[in-house]
Amino acid sequence: MSTEQEPTTPQDELSQALPAEQPEVDDHAAALDELQDRWRRALADLDNLRKRHAKELDAVRNEERARTAAAWLPVVDNLDLALTHAGSDPSAVVEGVKAVRDQAVDVLRRLGYPRYEETGVPFDPAVHEVVGTVDDPGAEPNTVVQVVRPGYGEGSRQLRPAAVMVSKRQE
């Protein structure tokens, strides 16, 4: 028996070292597989959340449409009633139509769009739309003197600005 060891080459050392590193490579591969699996699950959860949110949003939209339509049904019923009495006393029909208009204005108010048609207030381009100017010596310049068409809403929830006549500057 010889007690001498054979000389080793760098390739021998590399081949001896690889098996020792194999568990570490397997650990990295397993960690990578786990991360990829978690990523795929997160993407699937996000997609499911997006679909569920779209369904909920559609349901809320449909409920709100139904609520708004239900608020207008009494107005339509009263208009039908006014039309059935169109042949009777004209002043009663006019009063009925005014009452229906008031009811419609109330529906808009309850939906968050109150009517405004103030005169004598300073012109505000955020809530007024000028359709003309008038020379009115009794009014301050840039003051609303006549409302041609009322506006609805307030603040950031404006449905329509009021169409107004404004006093012009006197020179």
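Among contacts in the protein between residues at least 6 apart in sequence, 62% join residues at least 24 apart. The model behind this value is predicted. The protein holds 2 helices and 6 strands. Along the sequence, these elements follow the pattern α-α-β-β-β-β-β-β. Of the 171 residues, 16% are buried. The exposed surface of the protein comes to about 13400 Å². Carbon and sulfur atoms supply 55% of that area.

Helix α1 spans residues 10–84. One residue of this helix is W39. W39 counts as exposed, because its relative accessibility is 53% and the cut-off for exposed is over 50%. W39 also belongs to a nonpolar patch on the surface. The other members of the patch are L43, L46 and L49. Together, the four residues have about 410 Å² of accessible area.

Charged pairs come next. Side chains of opposite charge can pair when their charged atoms come close. The count of salt bridges comes to 11. One of them lies within helix α1, where the side chains of K51 and D47 meet. The N to O distance in this pair is 3.3 Å. K51 and D47 are 4 residues apart, about one turn of the helix. K51 is partly exposed, at 48% relative accessibility. D47 is partly exposed too, with a relative accessible area of 30%. The pair is part of a network of salt bridges that links D47, R50 and K51.

A second salt bridge joins D102 and R101. Their closest N and O atoms are 3.1 Å apart. D102 has a relative accessible area of 44% and is partly exposed. R101 is partly exposed as well, at 44% relative accessibility.

A further salt bridge connects R149 with E129, with 3.7 Å between the closest N and O atoms. R149 lies in strand β3 (residues 144–149), and E129 lies in strand β2 (residues 128–134). The pair therefore ties together parts that are 20 residues apart in sequence. R149 counts as partly exposed, at 31% relative accessibility. E129 is likewise partly exposed, at 36%.

Strands β2 and β3 also belong to an open sheet. The sheet is formed by 3 strands, in the order β2-β6-β3. The pairing is mixed. β2 and β3 stand at the edges, and each has a single partner strand. One side of each is therefore left without a neighbour in the sheet. Neighbouring strands of this sheet are turned by 30 degrees against each other on average, direction ignored. Strands of a sheet pair through backbone hydrogen bonds, either parallel or antiparallel. Strands β3 and β6 run antiparallel, and 4 bridges join them. Strand β6 covers residues 162–167. Within β6, M165 is the bridge partner of Q146.

The loop between β2 and β3 contains N142. Most residues other than glycine have a negative phi, and most peptide bonds are trans. N142 is not a glycine, yet its phi is positive, at about 60 degrees. N142 is partly exposed, with a relative accessible area of 36%.

T143 is also placed in the loop between β2 and β3. T143 is buried, because its relative accessible area is 11% and buried means under 20%. Residues up to four places away in sequence are not counted among its contacts. Beyond them, T143 touches G120, V121, P122 and F123. T143 also touches M165, V166 and S167. M165 is the residue that serves as bridge partner of Q146 in β6.

The loop between β2 and β3 thus holds both N142 and T143. N142 is partly exposed, whereas T143 is buried.

Technical notes
Residues are numbered from 1 along each chain as its sequence is written. This is a predicted model: local features need pLDDT of at least 70, side-chain atom pairs count only at pLDDT 80 or more; totals for chains, interfaces and linings use all residues. Side-chain values use heavy atoms; hydrogens and water are left out. Buried means under 20% relative accessible area, exposed over 50%, partly exposed in between (1.4 Å probe, protein chains only). Patches are made of residues with over 30% relative accessible area and no salt bridge: like charges are joined within 9 Å, nonpolar side chains (Val, Leu, Ile, Met, Phe, Trp, Tyr) within 5 Å. Accessible areas come from the Shrake-Rupley method with a 1.4 Å probe; for residues, only the protein chains shown count as cover. Two strands pair if DSSP finds at least two bridges between them. Axes are lines fitted to C-alpha atoms, for helices over the stretch in contact, and angles run from 0 to 180 degrees between N-to-C directions. Contact means heavy atoms within 4.5 Å.
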